[in-house]
Amino acid sequence: MPKKKLKIGLVDADLLCNGTRHPNLVLMKLAGFLNDNGIDFKLIIDQDEDITPYKLIYISRVFTFTQMPAFYENATPAQKRKFRRGGTLPIS
């Protein structure tokens, strides 16, 4: 039986929040690593994205004024285990 492919979601919170258009270097490096290793990933560009098909979702933001995406804020505690946050995020 073939192994189920791992699917990773990448979220540029600044891009989703209609903030700045500065490149998010963390996500660029992560996308390069995933691509080099043949891991399926997608840049999530919709606030209402269905997060169920993703094994992990990496969220990064550059600016503190950027809001977190709606799918993160509305996630259940079980769904929040999928998220890995980075950038200028307050410690919670």
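# Exercises on a predicted 92-residue model

The largest nonpolar core holds 13 residues, and those with the most contacts inside it are Val11, Ile44, Ile57, Ile59, Phe71 and Phe83. Helix H1 (13-16), E3 and helix H3 (70-73) each give at least two residues to this core. Another core lies apart from it, with seven residues, including Leu30, Ala31, Leu34 and Leu56. A nonpolar core is a set of buried Ala, Val, Leu, Ile, Met, Phe, Trp, Tyr and Cys residues joined through side-chain atoms within 4.5 Å.

This is a predicted model: local features need pLDDT of at least 70, side-chain atom pairs count only at pLDDT 80 or more, and totals for chains, interfaces and linings use all residues. Residues are numbered from 1 along each chain as its sequence is written, and side-chain values use heavy atoms, with hydrogens and water left out.

**Exercise 1. List the elements of the protein in order from the N terminus.**

Solution. Start with the totals: four helices and four strands. Helices (H or I, at least four residues) and strands (E, at least two) are DSSP runs, numbered from the N terminus. Now read along the chain: β-α-α-β-β-α-α-β.

**Exercise 2. Find the strands that pair with E1.**

Solution. Two strands pair if DSSP finds at least two bridges between them. Take strand E2 (residues 40-44): five bridges join E1 to E2, and the two run parallel. Within this pair, Lys7 has Asp40 as its bridge partner. Next take strand E3 (residues 56-61): E1 and E3 also pair in the parallel sense, over five bridges. Here Leu10 stands opposite Tyr58.

**Exercise 3. Explain why strand E1 is largely enclosed.**

Solution. Buried means under 20% relative accessible area, exposed over 50%, partly exposed in between (1.4 Å probe, protein chains only). E1 spans residues 7-12, and five of its six residues are buried, so the rest of the structure largely encloses this strand. For the whole protein, 34% of the 92 residues count as buried.

**Exercise 4. Describe the largest pocket.**

Solution. On a 1 Å grid over the protein atoms alone, a pocket is an open set of points where a 1.4 Å probe fits, with protein on both sides within 12 Å along at least five of seven lines; lining residues have an atom within 4 Å of a point. Volume first: about 160 Å³. A volume is the space filled by probe spheres set on the points, which are joined across faces, edges and corners. Then the lining: 13 residues, with Asp12, Asn24, Leu27, Met28 and Leu43 nearest the centre. E1, helix H2 (25-36) and E2 each supply at least two lining residues. H2 gives the most, with three.

**Exercise 5. Is Glu49 buried or exposed, and which residues does Glu49 touch?**

Solution. Locate Glu49 in the loop between E2 and E3. Its relative accessible area is 17%, so Glu49 is buried. Contact means heavy atoms within 4.5 Å. Leaving out residues up to four places away in sequence, Glu49 touches Lys42, Ile44, Tyr54 and Phe71. Pro69 is 20 residues from Glu49 along the chain, and their C-alpha atoms are separated by 9.7 Å.

**Exercise 6. Place Phe63 and state its accessibility.**

Solution. Phe63 lies in the loop between E3 and H3. Its relative accessibility is 24%, so Phe63 counts as partly exposed. Phe63 and Thr88 are 25 residues apart in sequence, with 6.1 Å from C-alpha to C-alpha.
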